[in-house]
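Hi everyone, thanks for making room for me today. I'd like to walk you through a structure, so let me put it up on the screen.

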Amino acid sequence: MTVECRIHPSTELPTQQTLTRLGTLATSLVSDVFGRWAGAPGILPIAGLPAGTTMVGPALTVHTRPGDNLVVHKALDIARPGEVLVVAAGGATDRAIIGGLMGRYAAARGLAGVVVDGAVRDRSELAMAAPPVFARGLSHLGPYKDGPGEIRGSVSVGGIVICEGDLIIGDEDGIAVIPRDRSEEILAAAERKRDAESAEHQAIASGTWDRSWIDRVLTLVEAEPVR
């Protein structure tokens, strides 16, 4: 007996120039210029992300029932190099969706990273042989392989909607998402904020950082002494 897996058309991959620009940013910059809601709270780097580096790529989305990875295996088979596998697994952390073998296969397929709204396992093997892995937690308990699921549809990961082809950036703080149809707008805004923060770094170092805005919006009221 087989189970159904609905699959949607793939989207055009972003240019290398777009990915290079994204790789110079941080999740905090993307979040700040995009309403401060572009992240997926609770999904953090588990393995394979060297300090000070970022993971970037277009999303290959997968929706599976909690604790089941049948359609995740199929998604790996059809993944294109440079994509980030994004698995919506209901946020459940009792069973691992991906382990060391699948992590190795993801690397062999050329994936840029893996994001799981659920648990993974084999952390040491993932760190040694897989692309960067982000997840909600760890569990040594293995998954079911019964389905059903969906590939390349819209998914909800950590409370944020991610569509096939949306740009994913991951770093030590977690992941942020840029809708593909707004990529240029948000990238440009994040680059401007990065440059502004660089100027603030210099002002801090020289002792000239303007802090006057605090007193414009905050009034200190003297408290009565404790008797």
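Let's begin at lysine 74, which sits in helix 3. With 45% relative accessibility, lysine 74 is partly exposed. Now look across to valine 62: lysine 74 and valine 62 are twelve residues apart in sequence, and their C-alpha atoms are 9.7 Å apart in space. Please keep in mind throughout that this is a predicted model.

Helix 3 comes up again when we turn to helix 4, residues 100-108. Which residues of helix 4 are buried? They are Gly100, Met102, Gly103 and Ala106. Looking down the axis of helix 4, you'd find those buried residues within an arc of 160°, so they line one face of the helix. For anyone who wants the background, an α-helix has 3.6 residues a turn, so residues three or four places apart point the same way.

And what covers that buried side? The cover of helix 4's buried residues includes helix 3 (70-78), strand 5 (96-98), strand 6 (113-120) and helix 5 (123-129). On the face turned away from the buried side, helix 4 carries the exposed residues Leu101 and Ala108. One backbone detail for the torsion fans: just after helix 4, glycine 110 has a positive phi of about 85°.

Helix 1, spanning residues 16-23, can be read in a similar manner. Its buried residues are Thr18, Leu19, Arg21 and Leu22. They span an arc of only 160° around the axis, which puts them on the same side of helix 1. Gln16 and Gln17 are exposed, on the face of helix 1 turned away from the buried side. As for partners, the buried residues of helix 1 pack against strand 3 (55-64), strand 11 (167-171), strand 12 (174-178) and helix 6 (183-206).

Let's follow that last partner for a moment. Serine 183 belongs to helix 6. Is serine 183 buried or exposed? Its relative accessibility is 17%, and the cut-off for buried is under 20%, so serine 183 counts as buried. Setting aside neighbours within four places in sequence, serine 183 makes contact with Leu167 and Ile178.

Now for charges. How many salt bridges does the structure hold? There are 16, and I'll pick out a few.

One of them joins glutamate 150 to arginine 6, with the closest N and O atoms 3.9 Å apart. Glutamate 150 is in strand 8 (residues 149-151) and arginine 6 is in strand 1 (residues 5-7), so this pair ties together parts that are 144 residues apart in sequence. Arginine 6 counts as exposed, at 53% relative accessibility.

Another one links glutamate 164 and arginine 152, again with the closest N and O atoms 3.9 Å apart. Glutamate 164 lies in the loop between strand 10 (160-162) and strand 11, and arginine 152 in the loop between strand 8 and strand 9 (155-157), so the pair ties together parts that are twelve residues apart in sequence. Both ends of this bridge are buried: glutamate 164 has a relative accessible area of 3%, and arginine 152 is at 15%.

The next bridge runs between arginine 36 and aspartate 32, where the closest N and O atoms are 3.2 Å apart. Arginine 36 is exposed, at 60% relative accessible area, while aspartate 32 is partly exposed, at 28%. These two also take part in a salt-bridge network, which links Asp32, Arg36, Lys193 and Glu197.

Staying in that stretch of sequence, what about aromatic pairs? The structure holds one. Phenylalanine 34 and tryptophan 37 form that pair, with 4.9 Å from centre to centre and 40° between the planes, and it is classed as tilted. Phenylalanine 34 is buried, at 6% relative accessibility.

Last stop: the surface. Which residues make up the nonpolar surface patch of about 480 Å²? They are Trp213, Val217, Leu218 and Leu220. Of these, leucine 218 is found in the segment after helix 7 (212-217). Leucine 218 is partly exposed, with a relative accessible area of 46%.

That's my tour, and I'm happy to rotate the model back to any part you'd like to see again.

Note on methods: Residues numbered from 1 in each chain as written. Predicted model: local features only at pLDDT ≥ 70, side-chain atom pairs only at ≥ 80, totals over all residues. Heavy atoms only, no water. Buried < 20%, exposed > 50% of the residue type's maximum accessible area, 1.4 Å probe, protein only. Helix = DSSP H or I, 4+ residues; strand = E, 2+ residues; numbered from the N terminus. Arc of directions from axis to C-beta. Contact = heavy atoms within 4.5 Å. Patch = residues over 30% accessible without salt bridge, like charges linked within 9 Å, V, L, I, M, F, W, Y side chains within 5 Å. Areas by Shrake-Rupley, 256 points an atom, 1.4 Å probe, with all protein chains shown as cover. Salt bridge = Lys/Arg side-chain N within 4 Å of Asp/Glu carboxyl O. Phe/Tyr/Trp six-rings, centres within 6.5 Å; stacked < 30°, edge-to-face > 60°.
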